[in-house]
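Work through the exercises below with the sequence and the model open. Each task is followed by a worked solution.

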Amino acid sequence: MARKILSIDGGGIKGVFPASFLAEIEEATGKNISEHFDLIVGTSTGGIIALGLGMGLSAKEILNFYEELGPGIFEGNRWAPFVRQLCFAKYDSAPLKAALISKFGERRLGESKNRLVIPSANLETGEVHVYKTSHMPRFERDLHEKVVDIALATSAAPTYFPTHRSAAGSPLVDGGVWANNPSAIAAVEAVGTLGWPRDSIKMLSVGCTNEPLDIGAARNMPLGFGYWAPKIVKLFMATQSSASYGMTQHLIGHANVTRINPSMPNGRFGLDVVSEIQSLKGLGCTEARKALPTVRGFFDERVEPFEPHHKLSV
């Protein structure tokens, strides 16, 4: 039996791209995205999309969430003096929390209709912190976590949003610090945890657009912190994504991974540039039209309904 995985990258407001891509596929096939994947894995903005799908939202509804509430999330400290931004997070998390509450309310992870894996990181221990539905007998705690708290944890990008404190008091930040492209996490979960045969797995991996790595003079000169500071994060992100994609191909086979992540000119889109929401939406639609012949096989048949090992008490 074929097993299908959906993996969605992090990328701030650029999450409009995967949301639009999936909404267009949904429109073209007439089939709900969540009904056609056995496992959905998402980081940061991709984690929010994954949680939305797990809670039964259509991709179109998730796209509307970004269009309607995205601009309000990236307000506040954006235009604060540069010196202030050196000391404090660029944005207050309150608008993001309010937007998430408006969509998810008090819903819990245990209500998910899909197997979900949502990465974050623990600043207290330096360890990864991964939220999972109860798709294995030993996964019996996370189902009680609020969807809003999980979304805030996976998207608390350092410098952009404040650290999120879990209900237990753990300081958590964006899963993108170690798994912005979570495809390898998804492959390991499928093969190592769920025990699915490698040759039975098909993965659709959707990014938030890609930019060519531009390190400039550092290729040949021994430059220091002043030069590297604005570039080092892009280097980390690019190499993590490359490694994740490569490991995924190694684990489940090159032919079993379909990656959608169009390359754009440097600076074309930004993590918090809300003025480009409509352009990202249009790009997602265009890429979906091109990719439809390739990805249509993911939507030939619905997957078996997910039955968790542990359920929320009524």
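Three exercises follow on this predicted model, covering two helix pairs and one lysine.

**Exercise 1. Describe how helix α2 packs against helix α6, and state how far α6 is covered.**

Solution.
- Step 1, geometry. Two packed helices are described by the angle between their axes and the distance between the axes. For α2 (residues 45–54) and α6 (residues 147–154), the angle is about 160 degrees and the axes lie 8 Å apart.
- Step 2, orientation. Angles over 145 degrees count as roughly antiparallel, so α2 is roughly antiparallel to α6. The crossing of α2 with α6 is right-handed.
- Step 3, contacts. From α2, the residues G47, I48 and L51 meet V147, I150, A151 and T154 of α6. Sorted by class, this contact has five nonpolar and two polar residues, and no charged ones.
- Step 4, burial. Eight of the eight residues of α6 are buried, so the helix is mostly covered by the cut-off of under 20% relative accessible area. Among these buried residues are D149 and T154, along with V148, L152 and A153.

**Exercise 2. Describe how helix α8 packs against helix α10.**

Solution.
- Step 1, geometry. Helix α8 (residues 183–193) and helix α10 (residues 232–252) have an angle of about 25 degrees between them, and their axes are 7 Å apart.
- Step 2, orientation. The cut-off for roughly parallel is an angle under 35 degrees, so α8 is roughly parallel to α10. These two helices make a left-handed crossing.
- Step 3, contacts. On the α8 side the contact residues are S183, A184, A187, V188 and V191; they meet S244, Y245, M247, T248, L251 and I252 in α10. By class, eight residues of this contact are nonpolar, three are polar and none is charged.

**Exercise 3. Is K132 buried or exposed, and which side chain makes a polar contact with the side chain of K132?**

Solution.
- Step 1, location. K132 belongs to strand β4 (residues 128–132).
- Step 2, burial. The relative accessibility of K132 is 17%, so K132 counts as buried; the cut-off is under 20%.
- Step 3, surroundings. Leaving aside residues up to four places away in sequence, K132 touches L109, L116, V117, F139, D142, E189 and T193. L143 is eleven residues from K132 in sequence, and their C-alpha atoms are 7.6 Å apart.
- Step 4, polar contact. The partner is E189: its side chain makes a polar contact with the side chain of K132 at 2.7 Å.

Methods
Residues numbered from 1 in each chain as written. Predicted model: local features only at pLDDT ≥ 70, side-chain atom pairs only at ≥ 80, totals over all residues. Heavy atoms only, no water. Axes fitted to C-alpha atoms, helices over the stretch in contact; angles between N-to-C directions. Helix = DSSP H or I, 4+ residues; strand = E, 2+ residues; numbered from the N terminus. Parallel < 35°, antiparallel > 145°, perpendicular 65-115°, else oblique. Left-handed = near helix turned anticlockwise from the far one by under 90°. Contact = heavy atoms within 4.5 Å. Nonpolar A, V, L, I, M, F, W, Y, C, P; charged D, E, K, R; others polar. Buried < 20%, exposed > 50% of the residue type's maximum accessible area, 1.4 Å probe, protein only. Polar contact = N/O pair within 3.5 Å; in protein donor to acceptor, adjacent residues only side chain to side chain.
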